[in-house]
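Reader: Please take me through this model, one question at a time. Give each cut-off when it is needed.

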Amino acid sequence: MKFSVLGPAGTFADAAAKAYLKAQPFSDISFDYHPTFDQVYQAVSGDDIGLLPLENQLDGYVSATLQRLQSADVTEIGEMTIPVDFGLVANVTELNQIKRIYVQFKTEGQCQQLLTSMPDVQIITTSSNMISLEKFQNGELGDAAIIPQSQMADLSVPLMMNNVADQDDNSTRFIIFKSQAADLEALSQQHLATDQFKAPLFVTPSSNDHPGTLYDILGYLADNQLNLVTIMSLPVKTQLGVYSFYLEISGTREQQAVLFKTLRKMTAKYHVHLLGYYAV
Ligand SMILES: O=C(O)C(=O)C[C@]1(C(=O)O)C=C[C@@H](O)C=C1
């Protein structure tokens, strides 16, 4: 069985995948690294699993992942949150000698203070923090990169700065998924390994142009004491001004029956795209 993850080895995605496996009973699993999240997603089939970043504490939701989940036939089987911290490496001795900096697209949003303090530096966006490191190592004089701090120990370059994220307390949440569509009836029978669950889903009204549409959707949860922990709206794309709502519901094992009863009721009025029901 393969575990599809953003590579090369050493990314935060890699660290999150390893942390997830420590707590999970998978045997005979091998890592399958890809340079972009798109390729990570495409590589997952059959019984294989994959990991995508969902949200960062400083920079918010990963829009590409949410957009993919909106229409993807996947089942999320778990999530993993890990601390993330970044360092700056450069092959020059002073900050003002840096000409180009390699930075992963989501890392960029987490290191804004540093990057805006260098307005003349060319920012080259990459798809992975370890690709930023590779490009830097094969680069020219005046190059720099923002990389996971854990990768700095083995480097010997003139300029190194620790903790260049906008805040030291920082983490990223990843989801682990399979390529089969989540099945509401099958998941309603699933035994949870812990007492707490998370259920992510998209709810799409046929039109948002009525007073109280969102209020009505959330009423299903409130009336049944189901705890809404996330809400995001995403455009449906076929029409301007029409949105889907990404929701995450959390609760305890005792609420399993009421959760699925509520989702079935919602399905009668809205398009419900369930993404999973897993232990947290
Ligand atoms: O490039 C990496 O190291 C990643 O794992 C990617 C990623 C992301 O895209 O969310 C993961 C954690 C950090 O927030 C920054 C980048």
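Author: Domain bounds come from an automatic or database domain assignment. The model is predicted: local features need pLDDT of at least 70, side-chain atom pairs count only at pLDDT 80 or more, and totals for chains, interfaces and linings use all residues. Residues are numbered from 1 along each chain as its sequence is written.

Reader: How many Å separate the centres of domain 1 and domain 2?

Author: The assignment gives domain 1 (1-83 + 169-181), domain 2 (86-164) and domain 3 (184-280). Taken over C-alpha atoms, the centres of domain 1 and domain 2 are separated by 24 Å.

Reader: How many residues does the contact take from domain 1 and from domain 2?

Author: Two residues are in contact if their C-beta atoms, placed from the backbone, lie within 7 Å. On that basis the contact takes 14 residues from domain 1 and 10 residues from domain 2.

Reader: Where does the ligand lie relative to domain 1 and domain 2?

Author: A residue counts as near the ligand if its C-beta atom, placed from the backbone, lies within 6 Å of it. There are 15 residues around the ligand, and T11, F12, A13, P53 and N129 come nearest. Because domain 1 and domain 2 both give residues to this shell, the ligand lies between them.

Reader: Which elements give two or more residues to the shell around the ligand?

Author: Helices (H or I, at least four residues) and strands (E, at least two) are DSSP runs, numbered from the N terminus. The elements that pass the count of two or more residues are α1 (12-23), β3 (49-56) and α4 (105-108).

Reader: How do the residues of the shell around the ligand divide by class?

Author: Ala, Val, Leu, Ile, Met, Phe, Trp, Tyr, Cys and Pro count as nonpolar, Asp, Glu, Lys and Arg as charged, and the others, Gly among them, as polar. The shell divides into 7 nonpolar, 7 polar and 1 charged.

Reader: Which element supplies the largest share of the largest nonpolar core?

Author: A nonpolar core is a set of buried Ala, Val, Leu, Ile, Met, Phe, Trp, Tyr and Cys residues joined through C-beta atoms within 7 Å. The largest one has 45 residues, of which V5, A13, A16, L51, L52 and F174 touch the most other members. Elements that each supply at least two residues include β1 (2-6), β3 and β14 (243-252). The largest share, 6 residues, comes from α1.

Reader: Which residues does L51 touch?

Author: Residues up to four places away in sequence are not counted. With those left out, L51 touches V5, A13, A16, A17, F174 and I176.

Reader: Is R173 buried or partly exposed?

Author: A residue is buried if 20 or more other C-beta atoms, placed from the backbone, lie within 10 Å of its own, exposed if 12 or fewer, and partly exposed in between. R173 lies in strand β11 (171-178) and touches L54, E55, E79 and T81, not counting residues up to four places away in sequence. Since R173 has 16 C-beta neighbours inside 10 Å, it counts as partly exposed.

Reader: And is A165 buried or exposed?

Author: A165 is found in the loop between β10 (159-161) and β11. Not counting residues up to four places away in sequence, A165 touches L58, D85, F86, Q110, C111 and N170. Because A165 has 24 C-beta neighbours inside 10 Å, it counts as buried.
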